[in-house]
Every structure is written in structure tokens, then in C-alpha cells.
Amino acid sequence: MENRISRRKFEKEPVTDQEKGKIIFLINELNEASDLAIEFLEDGSNAFQKLRKSYGLFTNVRSVILMKGKKDLKDLKEKVGYYGEDLVLAITDLGLGTCWVGGTFDKDELIVDDSEELVCVILVGKVAAPSLTEKMIRLATHRKIKSMEERIISDQPLPQWVQNGMKAVLLAPSAKNTQKAMFKYESNILSARIVDDYSMDLIDLGIAKKHFEIGAGGKFEFGNSGVFHLS
């Protein structure tokens, strides 16, 4: 988790067949576990070439992961965030760069089934040292990381497992770095929720829950205000 940062500039060299194979294997496993329809697209660059609002934000986009699922799938957006972050962390371990992208791409260039909703995409590629543009965007969007006390409400001192989970949450990405997902630990019950007044909020909730699970060890229920069960 500590090694994951959003990357917007990629090398021209595409991912190797071996890397592609590992990513597709991971996607198949996650689709089976989640009922999502995540798809690896070897060349999704067209979705980033025409849209004015993506101009200059990304360089050498090629491989794109379509984060999608059936429109009627319960907790679709949260599952996209939860399982997508699993994928992002695994791809980071392969030495590749990734970036969650919610709106700055042309959805019309990406073909999905009429029964499915394309929630967002994840860019994947080989990366070098962060570019000046990446550094500037990171400075502009990454305001001060909120403290643990700002992210959790509790009626008692936090046990170590909750602290471990929250430390991992502080490393979780969020749209525009808003860090809106909130946790509550009361009467020995831990839950997580988000206001959900922005299109990416439920995705961010899923990402935050995944990070908490990694840090604490256990499993969250899906849904806003879903409860955590310690292993």
C-alpha cells in the first residue's frame, strides 16, 4: 500500500505478454468472487485522445482496465472500488503504474454491453520517475492527509486492530483526495459510511474498506454503513 501512487505518465513500451497474463488471471479471479465484469483492454488510448478535459493530464495511455458490472448488481460502485483496489495493489506489486480515472475520458470510445454500467477505468502501464506534470497534479490534489481522529468516531479508546485498520485507510486513494469515507466504532461495533453526494463516493468507500481489511484483518459487509467482522 505504501508503494501505490497514482501515475499519469506512462512509458511508450506496452506491458509484456507475461504481465498481461498475470493481470488477466487476477481479473478472472476477482470477477468470479464479485460478479463484476472487469475487463482488460490492451489498447484503450482512443478514450483519452479526443476529450478536451483529459488533454495534458495523461501521457502514453495504452492499457486500460474497464471497471464495470451489470446495472442491477447490488452495491456495484462499492464493489468496483473494493475489488478494483485489490487489483491496483496487485498490479503495483508487478512493478507497473496505475491510476483510477472516473470522468476524464471518453466513455463512447469504450464498448460495453447494454446490460452493463462502465463505472470507471484503471490505467496500467510501465512507468519511470514521476514527471513534472505528475508532481504538480499531486501537489494540487493531495492536500494534507486527514488524521486518524478526523476519519473515525468512537465512544471508547481504539483497540490496536482498529488503529491498524485506520492506518491503512489513511493510505487509501480517494477522488480529488477528499478522504470522505468515515468510520465509527461504538459499542464494540465498527462500521463505515460515506455521504454519497458525488459520483465517485461509493467507489471510495469500497477502496477505504479494502484498506481497512488489509490493515486489521477481517471482512466488511457491503453497503453504506456496512459492519466489519474481525477475523
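# A guided tour of the predicted chain

Begin with the whole chain in a surface view: about 11800 Å² is exposed, and carbon and sulfur atoms supply 50% of that area. Keep in mind throughout that what is on the screen is a predicted model. Switching to a cartoon view brings out six helices and nine strands, and of the 231 residues in the chain, 46% count as buried. If contacts are restricted to those with a separation of 6 or more, residues 24 or more positions apart account for 71% of them.

**First stop: the largest nonpolar core**

Select I23, I38, I65, M67, V80, W100 and V124, which are the residues with the most contacts inside the largest nonpolar core, a set of 28 residues. Colouring by secondary structure then shows where this core comes from, since α1 (17-34), β2, α2 (76-93), β4 (116-125) and α6 (201-216) each supply at least two of its residues. Among these elements, α2 gives the most, with seven residues. Colouring by domain is also useful here, for the core draws at least three residues from domain 1 (17-134) and at least three from domain 2 (144-230).

With the core still displayed, centre on M67 and show its surroundings. Leaving out residues up to four places away in sequence, M67 touches I38, V80, G84, W100, E117, L118, V119, C120, V121 and I122. A second, separate core can be shown next: this one has 17 residues, and Y185, I194, A216 and F220 are included in it.

**Second stop: the aromatic rings**

Now display the aromatic side chains, among which 13 aromatic pairs are counted. The pair to select is F212 with F228, whose rings are edge-to-face, with 4.9 Å from centre to centre and 80° between the planes. This pair links distant parts of the chain, as F212 sits in helix α6 and F228 in strand β9 (residues 226-230), 16 residues apart. Both F212 and F228 are buried. Which other rings belong with F212 and F228 in a cluster linked by ring pairs? Adding W161, F183, Y185 and F220 to the selection completes the cluster that the ring pairs link.

**Third stop: the loop between α5 and β6**

Move next to the loop between α5 (160-169) and β6 (182-186), and select Q179 within it. Although Q179 is not a glycine, its phi is positive, at about 50°. Is Q179 buried or exposed? Its relative accessible area is 6%, so Q179 is buried, the limit for that class being under 20%.

A181 is placed in the loop between α5 and β6 as well, and with a relative accessible area of 3% A181 is also buried. Showing the residues around A181, apart from its neighbours within four places in sequence, brings up contacts with R151, R193, I194, L205 and A208. A distance drawn from the C-alpha of A181 to the C-alpha of V169 should read 9.1 Å, for two residues that are 12 apart in sequence.

**Fourth stop: D35, between α1 and β1**

Select D35, which lies in the loop between α1 and β1. D35 is another residue that is not a glycine and yet has a positive phi, here about 70°. Its relative accessibility is 54%, and D35 therefore counts as exposed, a class that begins over 50%.

**Fifth stop: S45, between β1 and β2**

Continue to S45, in the loop between β1 (39-41) and β2 (63-70). Why does S45 count as buried although it lies in a loop? The reason is its relative accessibility of 12%, a value that falls under the 20% limit. Showing side chains reveals a polar contact between the side chain of S45 and the side chain of D43, at 2.7 Å. Once neighbours within four places in sequence are set aside, S45 is in contact with V61 and R62.

**Last stop: E116 in strand β4**

Finish at E116, which is found in strand β4. E116 counts as buried because its relative accessibility is 14%. With its neighbours within four places in sequence hidden, the residues in contact with E116 are A37, K68, G69, K70 and K71.

Key
Residues numbered from 1 in each chain as written. Heavy atoms only, no water. Helix = DSSP H or I, 4+ residues; strand = E, 2+ residues; numbered from the N terminus. Buried < 20%, exposed > 50% of the residue type's maximum accessible area, 1.4 Å probe, protein only. Polar contact = N/O pair within 3.5 Å; in protein donor to acceptor, adjacent residues only side chain to side chain. Contact = heavy atoms within 4.5 Å. Core = buried A, V, L, I, M, F, W, Y, C linked by side-chain atoms within 4.5 Å. Domains from an automatic or database assignment. Areas by Shrake-Rupley, 256 points an atom, 1.4 Å probe, with all protein chains shown as cover. Phe/Tyr/Trp six-rings, centres within 6.5 Å; stacked < 30°, edge-to-face > 60°.
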